[in-house]
Amino acid sequence: MSSSLLLSARHLQKQFGAVVAAHDLCVDIEVGQRVSLIGSNGAGKTTFVNMITGYLKPDQGSIHLGDTDITAMSPRQITRLGVARSFQIPQLYPALSVMDNMLVAMACHDNQLSMWRSASQPQHIERGVELLERFGLIQHRHRRVSELPGGVRKLLDIALALTGSPKLLLLDEPTSGVSAEEKFPMMETVMHALGNEPLTALFVEHDMDIVRRHADRVIAFYSGRIIADDAPEQALATDDVRRYVTGELRQEANHA
Amino acid sequence: MHRSFTFLTWAALLCTAALLALGLVLPKWLLFMCTMAFANGLVSLGIVLLMRGGVVAFGQGLMSAIGGYTAALLFQKMGITDAIVLTLVGGITATLLTAPFAPLLSRYRGIFFSMLTLAMSMVGYGILVKTERLGGSDGFNLGRVSVLGQALSDDWVGYVLYAVAVFFACLMSYLSRIYFDSTRGLITQAIRENELRVEYLGGSVRHTMALNFVLAAFMGGCGGALAVMALGHIDPNFSYWTTSGEFVFVAILAGTQSVIAIMLSSVILEAVRSFSSAYFPNTWQLALGLFLMFVIRFLPLGLGSLWSPKSQKEQEA
């Protein structure tokens, strides 16, 4: 395997009854790439992310992280190998404070599950404060997560994923559920926060302006298949993407 | 808010000293009531430990019974009479006997966990009732224990047993508070909130839940051993479901935020039980039920929410 190859998914197949969520997917991700996964609802993007992170097991095919076969591993084992993710619906601890959420994440990542050492260790507090500052969340550190607005929860969800300094970060629709005006500033905040991390990122996104701006590679899904895999301008210009993802060809046909 | 070790240590020492001093002036009946309350409070402390992770054990009476039978058998058959040794061995035996079930139970949540623990305790009850060598349904008695090699006189036996119960209640409460504030304790709370996220951050949910179950078993065993020494008698009712229900009652009354509230709730339960039995014979369960309804309506987070920092923050919000 090439030394710059971080993730290699080969011939992934996943079916839910009669619905084919992944059909012979082959994807190689190089170190340092910012890859956007696009496609309409039900195209298979989240299924792909769920297979990489161990939430779903593929019916066929294999997934390698570096030289390690992670196909049959649990989410916890895959996380320990340096794969982190955020969720379309933020997965947080609503009754805990923002800082306690960060402390939980760092304790899990460091595997420092002591029965007597306080969760508020200085190095964890320091790292938590640094991450919250990068995401512009420091003013919320003592607030309970249940009190926070949706956009802030989205950012916190991503901040939690970054606590372990992952090699590969998967963001499942980081701007979904956020108002149109907030989307761009939010994505800017995320990308700015990631800027310092030497990591590879995959993000599922529906807004093509955000994709053009922040991705250096686009993988387009339709009906469980990959219909385009290229640099953003080239991928977004293909007929299949314009027909099945952005809908531009259908609109043109309607106008004609 | 996480308290410092120094603060906790001083608080535990002061509580122990205050309770020991208080015991010197309490009448005998109240001394016995408090001894039983602290012994039972230890079992409930284990339940609260599990509740912080989102599960309620309805079969903690089994742990109490294992601890109690162990202490009683060691006393009767092997001549070990030291209260501290009997308490510790009771806790260790409960841990060892129930630890093999921890990996299985750590897979279950909600009503399934509660019913499985209840089922275990009722299987234990059935075995104890049918085992004639352990006294069958009548159980058996044990004599007066000693402490640190000293035999106890009639005048002092009540106080010394109370002192041993206070010692274990304060020690376990102190250690539990440290555990609640530890990384493992915080992850236990996180598991209650969102198991999926814990796994996706690299934490092991099942490992933490299994550990909590084992720790709760130890506390239950210690509590059972102390109760048996105070009562001077053991029978299978220790493992009966209504006994487990009383431990859960105390845990709900106390809430999951304060360890002091657990011991206080246990004292309240014993007081309500004693006075209701005296003044409303055969209807004390009614008084207990009404009391619990009142607490759930007006203090849904338990007595501990009256003074815990988290509740103050919620009220401010």
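# Exercises on a predicted two-chain model

In chain A, four strands make an open sheet in the order E2-E1-E4-E5, with antiparallel pairing. Its edge strands, each pairing on one side only, are strand E2 (19-30) and strand E5 (68-69) of chain A. Helices (H or I, at least four residues) and strands (E, at least two) are DSSP runs, numbered from the N terminus, and two strands pair if DSSP finds at least two bridges between them.

This is a predicted model: local features need pLDDT of at least 70, side-chain atom pairs count only at pLDDT 80 or more, and totals for chains, interfaces and linings use all residues. Residues are numbered from 1 along each chain as its sequence is written, while chains are lettered from A and ligands numbered from 1 in the order in which they are written.

**Exercise 1.** Describe how E1(A) pairs with E2(A), and examine the backbone at His11(A).

Step 1. Strand E1 (residues 5-16) of chain A is joined to E2(A) by eight bridges in the antiparallel sense. One such pair places Ser8(A) opposite Asp28(A) in E2(A).

Step 2. His11(A) lies in strand E1 of chain A. Its phi is near 50 degrees, a positive value in a residue other than glycine.

Step 3. Count the surroundings: His11(A) has 13 other C-beta atoms within 10 Å, so it is partly exposed. The scale is: buried with 20 or more other C-beta atoms within 10 Å of the residue's own, exposed with 12 or fewer, partly exposed in between, with C-beta atoms placed from the backbone.

**Exercise 2.** Determine why strand E8 of chain A is described as largely enclosed.

Step 1. Strand E8 covers residues 200-204 of chain A, and five of the five are buried, so the strand is largely enclosed by the rest of the structure.

Step 2. Side chains in a regular strand alternate between the two faces of the sheet. In E8(A), Thr200(A), Leu202(A) and Val204(A) are buried on one side, and Ala201(A) and Phe203(A) are buried on the other.

Step 3. Identify the strands that pair with E8(A). Strand E3 (residues 34-38) of chain A runs parallel to E8(A), joined by four bridges, and Leu37(A) stands opposite Val204(A). Strand E7 (residues 168-172) of chain A also pairs with E8(A) in the parallel sense, over five bridges; here Leu170(A) has Leu202(A) as its bridge partner.

**Exercise 3.** Check the length of helix H10 of chain B and locate the helix in the nonpolar core.

Step 1. H10(B) has 27 residues (205-231), which at 1.5 Å a residue should span 39 Å; the end C-alpha atoms are 39 Å apart, so the two agree. The expected span is 1.5 Å times one less than the number of residues.

Step 2. Of the 27 residues in H10(B), 22 are buried. Just after the helix, Gly232(B) has a positive phi of about 75 degrees.

Step 3. The largest nonpolar core has 166 residues; Leu226(B) and Met229(B) are among those that touch the most other members. H10(B) gives the most to this core, with 16 residues. Such a core is a set of buried Ala, Val, Leu, Ile, Met, Phe, Trp, Tyr and Cys residues joined through C-beta atoms within 7 Å.

**Exercise 4.** State how many residues each chain brings to the contact.

Step 1. Chain B brings 23 residues and chain A brings 31. Contact requires C-beta atoms, placed from the backbone, within 7 Å.

Step 2. On the side of chain B that touches chain A, the largest share, seven residues, comes from H8(B).

Methods:
Two residues are in contact if their C-beta atoms, placed from the backbone, lie within 7 Å.
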